[in-house]
Amino acid sequence: MKKVAFFPGSFDPFTKGHADIVMRGLKLFDEVIIGIGTNSTKKRYFPIEKMTEKIRETFNDNEKVKIISYDDLTANAAVANEANFLLRGLRNTTDFEYENTISQVNRHLVGGLETVFLITSPELAPISSTIVRELHKYGAKVDDYLPYDLD
Ligand code: ADP
């Protein structure tokens with residue numbers, strides 16, 4: 001059976017921390033689908049089109065990485081894209097508390113849909129999309145946190 005992982009997130013923006021999870025996921029899975037969740041009630045800071053383009057640029061030559069956007073329950077989006085695993089990163093206990101619950105719900109929604117967690121690489125643990133957005137908003141340099149050039 002082909003092992004396909006669905007890596008869901010807001011990716012607003014996609015950071016070096018996310019890229020690290022994808023690259024390490026590729027050692028475990030035949031394919032990693034990056035699913036950009038487009039919750040229609042939540043306004044994004046970085047437009048979805050721009051982020052899709054930047055992520056594509058990051059994994060340009062890798063045919064095992066796909067990028068899609070979805071407005072659905074994550075478990076349903078994973079099934080719709082023929083993924084059999086969810087992939088998530090864990091930075092700290094706060095991530096764990098949340099992920100613990102959501103992974104149980106996802107497995108309940110779609111029987112057999114296992115979530116695989118990768119512990120973040122220590123040097124990337126402090127990076128969060130929220131902090132990058134805040135820095136960018138006030139004109140600070142964010143290149144160190146992103147695997148692509150923003151402009
Ligand atoms: P969400 O909106 O679902 O929280 P994010 O875009 O913030 O989505 O993150 C998507 C996934 O990437 C989550 O599993 C999150 O824990 C993980 N992640 C975020 N930042 C990092 C990082 N610096 N290192 C490793 N994993 C990360």
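In this predicted model, strand 1 and strand 2 (residues 31–37) are paired in the parallel sense, with 6 bridges between them. Within this pairing, Val-4 has Glu-31 of strand 2 as its bridge partner. The connection between the two strands passes through helix 1 (residues 16–25), and strand 1, helix 1 and strand 2 together make a right-handed β-α-β unit. Strand 1 also runs parallel to strand 4 (residues 85–90), to which it is joined by 2 bridges. Here Phe-6 stands opposite Leu-86 of strand 4.

Strand 1 itself, covering residues 4–9, is mostly covered, with 6 of its 6 residues buried. The burial extends to both faces of the strand: Val-4, Phe-6 and Pro-8 are buried on one side, and Ala-5, Phe-7 and Gly-9 are buried on the other.

These pairings belong to a wider arrangement. An open sheet is formed by 5 strands in the order 3-2-1-4-5, and the pairing is parallel. Its edges are strand 3 and strand 5 (114–119), each of which pairs on one side only. On average, neighbouring strands of the sheet are turned by 30° against each other, direction ignored. Strand 4 and strand 5 run parallel and are joined by 6 bridges, with Arg-88 standing opposite Phe-117 in strand 5. Helix 4 (residues 93–109) packs on the sheet, where it touches strand 4 and strand 5, and the direction of helix 4 makes about 170° with that of strand 4.

The next topic is the nonpolar interior. The largest nonpolar core holds 29 residues, of which Phe-14, Val-22 and Ile-34 touch the most other members. Two or more residues are given to this core by each of strand 1, helix 1, strand 2, helix 2 (48–58), strand 3 (65–70) and strand 4. The surroundings of Val-22 illustrate the packing: leaving aside residues up to four places away in sequence, Val-22 touches Phe-7, Phe-14, Val-32, Ile-34, Phe-59 and Val-65. A second core, separate from this one, comprises 11 residues, including Val-4, Tyr-70, Ala-75 and Ala-77.

Aromatic side chains add a further layer of description. A pair of aromatic rings is described by the distance of the centres and the angle of the planes. The model contains 6 aromatic pairs. In one of them, the ring centres of Phe-29 and Phe-85 are 5.3 Å apart and the planes meet at 50°, so the pair is tilted. Because Phe-29 lies in the loop between helix 1 and strand 2 whereas Phe-85 lies in strand 4, this pair ties together parts that are 56 residues apart in sequence. Phe-29, at 5% relative accessibility, counts as buried, and Phe-85, at 17% relative accessibility, also counts as buried, since the cut-off for burial is under 20%.

Another pair is made by Tyr-45 and Phe-46, whose ring centres are 4.8 Å apart with the planes at 85°, so the pair is edge-to-face. Tyr-45 has 33% relative accessibility and therefore counts as partly exposed, whereas Phe-46, at 4% relative accessibility, counts as buried. Finally, ring pairs link Phe-7, Phe-11, Phe-14 and Phe-59 into a cluster. Three residues of this cluster, namely Phe-7, Phe-14 and Phe-59, are among those that Val-22 touches.

How values were computed. Residues are numbered from 1 along each chain as its sequence is written. This is a predicted model: local features need pLDDT of at least 70, side-chain atom pairs count only at pLDDT 80 or more; totals for chains, interfaces and linings use all residues. Side-chain values use heavy atoms; hydrogens and water are left out. Buried means under 20% relative accessible area, exposed over 50%, partly exposed in between (1.4 Å probe, protein chains only). Helices (H or I, at least four residues) and strands (E, at least two) are DSSP runs, numbered from the N terminus. Two strands pair if DSSP finds at least two bridges between them. A crossover is right-handed if, with the strands pointing away from the viewer, the path from the first strand over the helix to the second runs clockwise. A nonpolar core is a set of buried Ala, Val, Leu, Ile, Met, Phe, Trp, Tyr and Cys residues joined through side-chain atoms within 4.5 Å. Contact means heavy atoms within 4.5 Å. Rings of Phe, Tyr and Trp (its six-membered ring) pair if their centres lie within 6.5 Å; planes under 30 degrees apart count as stacked, over 60 as edge-to-face and the rest as tilted. Axes are lines fitted to C-alpha atoms, for helices over the stretch in contact, and angles run from 0 to 180 degrees between N-to-C directions.
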